[in-house]
Amino acid sequence: MEKGGAGFAAIVVAGSLCVVPLGQREVEGGESGISDDQALQDKSAIVAELEKRIVGRETAPAEEVFSNIQIMKGQPALRLLKIMELGFTTALGVACNHCHVVDEWEKDDKEAKHIARKMWNMQQRINSEVRAIRENSFINCTTCHRGVLRPATLLGANRTAETPAK
Ligand code: HEC
Ligand code: HEC
């Protein structure tokens, strides 16, 4: 569009995006990492199997049941599995193997597992601010990720001819 060239585009971008500084990469919600139903079925089967292994210890602190717990100390063991199944994988749109080698759960060999720990800590910090603004409100992985690995910084309906996809 020829409505004053770069100056116009800059105003549109600033007006519609607000939070994205000009020149920084913009991300439209990416593809989910789960490509078919198989990964989801595997996920349920894997969690069901792990639940069997912790029978009788469901409410014990995660660090007593599992061997490499750093961020989820004090969480009941069963809740840790639920966070993996209903929180992490669902929020990010991935299967367990995005962060783990399946059945080597305690290992820290995947970068995504390290990132997930840092994200968890970031989430705790954000939540202490959120609760100070409004009691009982909170954010979690889903708030940003919404089923994809790379949270969107630009929503489709707000895009204009002046806002490039990347
Ligand atoms: C986004 C990354 C991510 C995904 C996806 C994920 N996990 Fe995890 N998982 C972690 C992190 C991080 C920890 C370590 C938690 C801590 O340090 O307290 C962990 C810990 C575990 C543990 C405890 C291991 C031990 O012995 O210390 C189990 C079991 C586990 N995950 C199972 C699963 C299963 C089953 C799935 C799929 C349903 C899954 N995880 C998906 C990040 C992930
Ligand atoms: C405040 C927003 C926000 C929250 C909350 C958040 N994330 Fe993220 N996360 C991001 C951003 C931004 C990136 C970087 C995406 C990129 O590379 O463009 C990211 C990236 C990641 C990645 C790396 C993705 C990859 O390519 O493998 C993992 C893993 C991840 N987040 C896990 C989590 C988990 C688990 C939670 C909840 C404990 C969480 N995130 C909560 C914003 C967030």
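Which element provides the largest share of the shell around ligand 1? In this predicted model, that share comes from helix 4, which contributes five residues. The shell around ligand 1 comprises 27 residues, of which Phe66, Met84, Cys96, Cys99 and Glu106 come nearest to the ligand. Two or more residues of this shell are given by each of helix 2 (37-53), helix 4 and helix 5. In terms of residue class, the surroundings of ligand 1 divide into 16 nonpolar, six polar and five charged residues.

Around ligand 2, the shell is formed by 18 residues, and those that come nearest are Ala116, Met119, Cys141, Cys144 and Arg150. At least two residues of this shell are supplied by each of helix 4 (77-92), helix 5 (111-133) and helix 6 (141-145), with helix 5 giving the most, namely six residues. The composition of the shell around ligand 2 is 13 nonpolar residues, four polar residues and one charged residue.

Helix 4, which supplies residues to the shell around ligand 1 as well as to the shell around ligand 2, also enters the largest nonpolar core, to which this helix gives the most, with seven residues. That core consists of 11 residues in all, namely Ile46, Ala62, Ala77, Leu80, Leu81, Met84, Phe88, Ala91, Leu92, Val94 and Cys96. Met84 and Cys96, both members of this core, are also among the residues that come nearest to ligand 1.

Notes. Residues are numbered from 1 along each chain as its sequence is written. Chains are lettered from A and ligands numbered from 1 in the order in which they are written. This is a predicted model: local features need pLDDT of at least 70, side-chain atom pairs count only at pLDDT 80 or more; totals for chains, interfaces and linings use all residues. A residue is near a molecule or strand if its C-beta atom, placed from the backbone, lies within 6 Å of it. Helices (H or I, at least four residues) and strands (E, at least two) are DSSP runs, numbered from the N terminus. Ala, Val, Leu, Ile, Met, Phe, Trp, Tyr, Cys and Pro count as nonpolar, Asp, Glu, Lys and Arg as charged, and the others, Gly among them, as polar. A nonpolar core is a set of buried Ala, Val, Leu, Ile, Met, Phe, Trp, Tyr and Cys residues joined through C-beta atoms within 7 Å. A residue is buried if 20 or more other C-beta atoms lie within 10 Å of its own, exposed if 12 or fewer, and partly exposed in between; C-beta atoms are placed from the backbone.
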